[in-house]
Amino acid sequence: MIKKQIILPTLLFASILIGGMTGCSSSKSPDVSQGNDSGTKVADTSTTNSASNTPERAQKREEVRKQVEAVLTPDQVKELSTKLQQGEKMRKAVFSLNLTAEQKTKIQDIFKTAYPHRKGQSQGNS
C-alpha cells in the first residue's frame with residue numbers, strides 16, 4: 001500500500017514533467033530550430049529580399065541618382081555622395097541637403113516619375 005502511495009504520484013509527476021518538456025519542444029515558433037525546415041524561414045526571407053535587388057533595379061536607382069545630381073550644385077553632389085556612402089537612403093539624403101524651392105520641386109517630380117507607387121509617402125520637409 002505504501003509503495004502505491006509513493007509510486008503513483010511519482011509516475012504522475014514524471015508524466016507531467018515529460019509532457020511539459022515535450023510541449024515546449026514542439027513549438028511552432030520559426031525561431032526554434034528543431035532540425036527540420038522551421039529554422040530556414042529567415043534564410044528564405046533574406047533570399048527573397050536579395051532577389052529584389054536585381055540589376056534592373058540597381059540600374060534604375062543609378063539613373064534616378066544621375067537625374068537628381070543634375071539638379072544639384074557641385075557641393076550638394078559631393079554631400080549627397082558622402083551620405084549615400086555612409087548608408088543613408090537616397091530620398092532622405094537628398095532632402096537633408098539645403099535645397100532651394102525650385103530644386104525640391106524638380107527632385108520631387110523625378111521621384112514621382114521614377115517611383116509612381118510611392119505617391120502617398122512623405123517627400124521630406126527640409
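A nonpolar core, as I will use the phrase today, is a set of buried Ala, Val, Leu, Ile, Met, Phe, Trp, Tyr and Cys residues joined through side-chain atoms within 4.5 Å, where buried means under 20% relative accessible area, exposed means over 50%, and partly exposed lies in between, with a 1.4 Å probe and protein chains only. What you have in front of you is a predicted model, in which local features need pLDDT of at least 70 and side-chain atom pairs count only at pLDDT 80 or more, while totals for chains, interfaces and linings use all residues. Residues are numbered from 1 along each chain as its sequence is written, and side-chain values use heavy atoms, with hydrogens and water left out.

Let me start with the chain as a whole. It has six helices and zero strands, the helices being DSSP runs of H or I with at least four residues, the strands runs of E with at least two, and both numbered from the N terminus. Of its 126 residues, 17% count as buried.

Now to the core. The largest nonpolar core has 15 residues, and those with the most contacts inside it are Val 68, Leu 80, Val 94, Ile 107 and Phe 111. Helix 3, helix 5 and helix 6 each supply at least two residues of this core.

Which residues of helix 6 are buried? They are Gln 103, Ile 107, Ile 110, Phe 111 and Ala 114. Seen down the axis of helix 6, these buried residues fall within an arc of 95°, so they line one face of the helix; the arc is that of the directions from the helix axis to the C-beta atoms. As background, an α-helix has 3.6 residues a turn, so residues three or four places apart point the same way. The face turned away from the buried side of helix 6 carries the exposed residues Ala 101, Glu 102 and Thr 113. The buried residues of helix 6 pack against helix 3 (55-71), helix 4 (74-85) and helix 5 (90-95).

Val 68, which is found in helix 3, counts as buried because its relative accessibility is 0%. Leaving aside neighbours within four places in sequence, Val 68 is in contact, meaning heavy atoms within 4.5 Å, with Leu 80, Val 94, Ile 107, Ile 110 and Phe 111. With the same neighbours set aside for Ile 107, the contacts of that residue are Val 68, Val 71, Leu 72, Val 94, Phe 95 and Leu 99.
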